[in-house]
Amino acid sequence: MKRVALLAVLMVATRAAAQEPRLERVDPAARAPVAALLDSARATGLSTEPLIQRALEGTTKGAPADRVIAAVRRLVADLGRAREALGPSAAPPEIEAGAAALRAGAPPSVLTQLRVARRPPLTMALAVLADLVASGVPADRAAAAVLTLASTARDADLLEFRRAVERDIALGAPPAAATAVRLDASARAARPGRP
Amino acid sequence: MSFPRTAHPQVNATVDLGASAVRYDGFLPSSAAAVTPTFTWDGARGGLTIRGTYLRFEGGNRSLQGSVGASVFTQPVRGWRGELSASAGASSYAGFPSFWHALGDVRLHHDSDRHGLVIGATAGRSSFGTTRPARPVAAASIATWLRRDQVAVLASVHRAFIGDTQYSDIDMTVRARQGTLALETSVGARFWSRGAGRGVFGEGSGTLALTERIALVFSAGRYPTDPIRGSIAGRYAAASLRVRLHSLPHRDPPRLVNGSGASGDPPAPVALAVRPERDGLVRLIIHGPAADRVEIAGDFTQWQPVLLAPATGGAWEALLLIPRGVHRINVRLSGGAWLAPSGTTRVHDDYGGDVGVFLVP
């Protein structure tokens, strides 16, 4: 009976691997559950690529099957929440970046605000948001920083602003202060071009 | 609130190459060519700025100015942050005696997302030439700022005493940013002045970023005498090319990461540098490890370990096709444990360890 059950699991796993060859690398005990999660994600319109990558990451790191399954299941949930916040028209890279932002601690409302404030693609803006929050910057301050620039800044400007803002937010200043306040006379004396 | 564990120093070095038409009060108009190198270092709790200007006037006279300033911030307490700063500088023009100054400042900042208040006090010394004694400097200022979207407005009042000279300034500055263009304009007035002139002044400048490293800077206006730093009032119009000499670093400098080396010795610093090149290719460079083999794995390698090639300076590198966006990476030294390199944002990987997250712009 045990052999039959084992054979059944192997057959399911083999079928799953045939549909997604990269799953052949995954622990056989995790293969079928992961394939089922992929099918479920696919059915709801989510991209399966980040899920496959998460399973492969666990495989490379020697994680046990149950941990691989839990990681993929958690990512499915994160992607779903990100898609809900960003809307059904969000592209897979945007959803993935949004999931990273949510996992880092950004509230879903910020993703929704970003969708309103900025024309697609939102990938870089979401990635900058996730990066700031994951770095330990308070989520509300990171969100304020990104939302302030969302409507007008290019992706390159966002990246550059992220570098400057991270430092100033770390000092407790709202991101607005990073560019707004240059008080002292030495700043006036340093006006560009003044001979 | 504690400082983010990955708050990291940022270095910026630029040089402005420009030309200007200037008329100092009491002098004939002149044109000048200028070279202005600037170095800034912004750390987790403060910063350092070093700036110099070499001016060559059409008549052959030269002017040399230099300054250094540093500031340190305190942790915020109930919305208030303290700032301590110090600055020093000197200038010389042709055969005139030189000016130098050394100042210390204390400021209190109270900020919110859209407005703030700054109260400051300054004390120091300023000297003109070597035959006269340095004069004491004392000043106080208060400023408030407002910000909405990409526009910020700053208004300040400043009262200064330099020996027998004293003056008050009131001014307003507006800053706006739209894409690659940054504009700044200010108007002000000097009053209650003895020995520092009085009247109205105003300046405007625009900085247009052409590429990541090159910008055009335009400025013009009239500015008042600065008795502290030894500059006399004048009017000018200037244009310059700003070249960034040093790229902003993507991440932290190399530092210890979790996990042990294969040899069991204390872990070596491992840092990742990401260099996008053309056609979607990205050069990944690992700095720091003393290892006989360095591998990376990430979503862009399908989590298959990829052996890096030795590069110059003890680094290891690979040139890979990596699409724009967010990516995860780990590094392994000499077949040891998978590590999250500095130079990335370290997050829990759902597998009991860390993974490094980085952006490809």
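Here is a walk through some strands of chain B and a pair of helices in chain A.

A word on ground rules: this is a predicted model, where local features need pLDDT of at least 70, side-chain atom pairs count only at pLDDT 80 or more, and totals for chains, interfaces and linings use all residues. Residues are numbered from 1 along each chain as its sequence is written, while chains are lettered from A and ligands numbered from 1 in the order in which they are written.

Let's start with chain B. Strands of a sheet pair through backbone hydrogen bonds, either parallel or antiparallel. Strands here are DSSP runs (E, at least two residues), and helices are too (H or I, at least four), numbered from the N terminus; two strands pair if DSSP finds at least two bridges between them. Strand β7(B), residues 115-128, runs antiparallel to β8(B), residues 135-148, and 12 bridges join them. One of the matches puts Val118(B) with Ala143(B).

Move on to β9(B), residues 151-162, and you find it antiparallel to β8(B), again over 12 bridges. Thr144(B) has Ala155(B) as its bridge partner, and Ser141(B) has His158(B). The residues of β9(B) split into two faces: the covered one includes Leu154(B), His158(B) and Ile162(B), and the uncovered one includes Val153(B), Arg159(B) and Phe161(B).

From β9(B) the chain goes into β10(B), residues 165-178, with antiparallel pairing over 12 bridges. Here Arg159(B) sits opposite Ser168(B). The two strands make a hairpin with two residues between them, and Gly163(B) in that turn has a positive phi of about 55°.

Elsewhere in chain B, four strands make an open, antiparallel sheet in the order β15-β16-β20-β19. β15 (271-276) and β19 (309-310) of chain B are at the edges with a single partner strand each, so one side of each has no neighbour in the sheet. β15(B) and β16(B), residues 281-287, share six bridges in the antiparallel sense, with Ala271(B) opposite His287(B).

Now hop over to chain A. The axes of α5(A), residues 92-104, and α7(A), residues 123-134, come within 8 Å and cross at roughly 20°. Axes are lines fitted to C-alpha atoms, for helices over the stretch in contact, and angles run from 0 to 180 degrees between N-to-C directions. The two helices α5(A) and α7(A) are therefore roughly parallel (angles under 35 degrees count as such).

Conventions. Angles under 35 degrees count as roughly parallel, over 145 as roughly antiparallel, 65 to 115 as roughly perpendicular and the rest as oblique. A residue is buried if 20 or more other C-beta atoms lie within 10 Å of its own, exposed if 12 or fewer, and partly exposed in between; C-beta atoms are placed from the backbone.
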